[in-house]
Amino acid sequence: MIRLHHCPETRSMRVLWLLHEIGCPFEVVTHAFGRNLRAPDFLELNPAGRVPALELDGRKIWESGAMIEILCERFPEAGLGRATEDPERVDWLIWLHFAETVSQHSAALTQQHVALYEDAMRSPVVMKLEAARLGKCYAALERRLDGREWLLDGGFSAADVAVGQAVYMARHFARVEPFEALQDWVWRCEARPAFRAALPTPGEDRLYAQDFYAAWEP
């Protein structure tokens, strides 16, 4: 039994996308993004009070990177992981966890633009700094993707899922269009049926009310 606890447009989307790529049976429990994640029953699933949380054969697992590694090991036939002896294993792990480097800047910008409830609490300086840091992440991806279809030479993998979801979030705050190879890779990710299946459905509460949030001018 696989059950994913999910909030649309959060890190849990990367696990949902991966499950659709694997094609295994699973259930999704969708939660609102708010204080309800601090409720005692949810803290039993994820003690940090965040999504995702994954129930897998009676185990309760948190941290999306760990979930991705576990699911790739559980379903090796999907070809989305890289085994310990695979020459691409190190690069797979690097890019898989690079998703969190991207996501930490998007999370800071989500707080600045979305989560804070009074304009006086927002910082134009933080907005500009974090958006610039996303640009540096994009530059690293651009160098990696130049001449490649996917992040690994061996083909599409869970590393593309993790970083693809991170860039999907980051694009709300920093545009990818100046990075040609990155933009082409984003289009390839978005064309995948499993990616589209992981997007918010009509009627679901979304985290972002608009497609792009520009940094404020001080």
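Okay, let's start with Glu9, which counts as buried at 1% relative accessibility. Keep in mind that we're looking at a predicted model. Glu9 sits in the loop between β1, residues 2-6, and α1. What is the phi of Glu9? It's positive, about 60°, although Glu9 is not a glycine.

Now hop along to another glutamate, Glu63. You'll find Glu63 in the loop between β4, residues 59-62, and α3. Glu63 also isn't a glycine, and its phi is positive, about 80°. Is Glu63 buried or exposed? Exposed, with a relative accessible area of 52%, and the cut-off for that word is over 50%.

There's one more backbone oddity to point at. Val51 and Pro52 are joined by a cis peptide bond, with omega about 5°. Where's Pro52? In the loop between α2, residues 40-43, and β3, residues 53-56.

Right, on to helix α1. The helix runs over residues 12-22, and 10 of its 11 residues are buried. Among those buried ones are Ser12, Arg14, Trp17, Leu18 and Glu21. As a reminder about helices, there are 3.6 residues a turn, so residues three or four places apart point the same way. After α1 comes Gly23, and its phi is positive too, near 85°.

Stay with Leu18 for a second, as it takes us into the core. The largest nonpolar core has 62 residues. Which residues have the most contacts inside that core? They're Leu18, Leu71, Leu141, Leu182 and Trp185. Helix α6, residues 158-170, gives the largest share of this core, with 10 residues. There's also a second, separate core of six residues, and Cys7, Leu37, Leu45 and Val51 are in it. Back to Leu18: setting aside residues up to four places away in sequence, Leu18 touches Ile68, Leu71, Cys72, Leu80, Ala158 and Val161.

Next, the holes. Rolling a probe the size of a water molecule over the atoms shows where empty space is left. How many cavities of 30 Å³ or more are there? Just one by that count, and its volume is about 60 Å³. The lining is made of Gly164, Val167, Tyr168, Arg171, Trp185, Val186, Cys189, Glu190 and Phe195. You'll recognise Trp185 from the list of core residues with the most contacts. The elements giving two or more residues to this lining are α6 and α7, residues 180-190. The largest share comes from α7, with four residues. By class, the lining has six nonpolar, one polar and two charged residues.

Then there are the pockets, which are open. The largest pocket has a volume of about 870 Å³. How many residues line the largest pocket? There are 37, and Arg11, Phe33, Arg50, Val51 and Ala107 lie nearest its centre. So here's Val51 again, the residue on one side of that cis bond. Helices α3, α4 and α6 each supply at least two residues of the lining. The biggest contribution is from α4, with 11 residues. Sorted by class, the lining comes out as 17 nonpolar, 12 polar and eight charged.

The second largest pocket has a volume of about 230 Å³. Its lining has 14 residues, and nearest its centre are Tyr168, Arg171, His172, Asp211 and Phe212. Tyr168 and Arg171 also line the cavity we just talked about. For this pocket the split is five nonpolar, two polar and seven charged residues.

Last stop, the bigger picture from the records. An unreviewed UniProt entry annotates residues 1-79 as "domain: GST N-terminal". That span is 33% helix and 22% strand, and its end C-alpha atoms lie 21 Å apart. The annotation "domain: GST C-terminal", also from an unreviewed UniProt entry, covers residues 85-212. Here the span is 62% helix and 0% strand, with 42 Å between the end C-alpha atoms.

And let me finish on Ala78, in the loop between α3, residues 64-74, and α4, residues 89-115. Ala78 is partly exposed, because its relative accessible area is 30%, and that label goes to values between 20% and 50%. How far apart are Ala78 and Ala162 in space, C-alpha to C-alpha? It's 16 Å, with their places 84 residues apart in sequence counted as the separation.

Note on methods:
Residues numbered from 1 in each chain as written. Predicted model: local features only at pLDDT ≥ 70, side-chain atom pairs only at ≥ 80, totals over all residues. Heavy atoms only, no water. UniProt positions renumbered as here; feature names shortened; annotations may be inferred. Core = buried A, V, L, I, M, F, W, Y, C linked by side-chain atoms within 4.5 Å. Buried < 20%, exposed > 50% of the residue type's maximum accessible area, 1.4 Å probe, protein only. Contact = heavy atoms within 4.5 Å. 1 Å grid on protein atoms, 1.4 Å probe; cavity = no way out; pocket = protein on both sides within 12 Å on 5 of 7 lines; lining within 4 Å. Points joined across faces, edges and corners; volume = space filled by probe spheres on them. Nonpolar A, V, L, I, M, F, W, Y, C, P; charged D, E, K, R; others polar.
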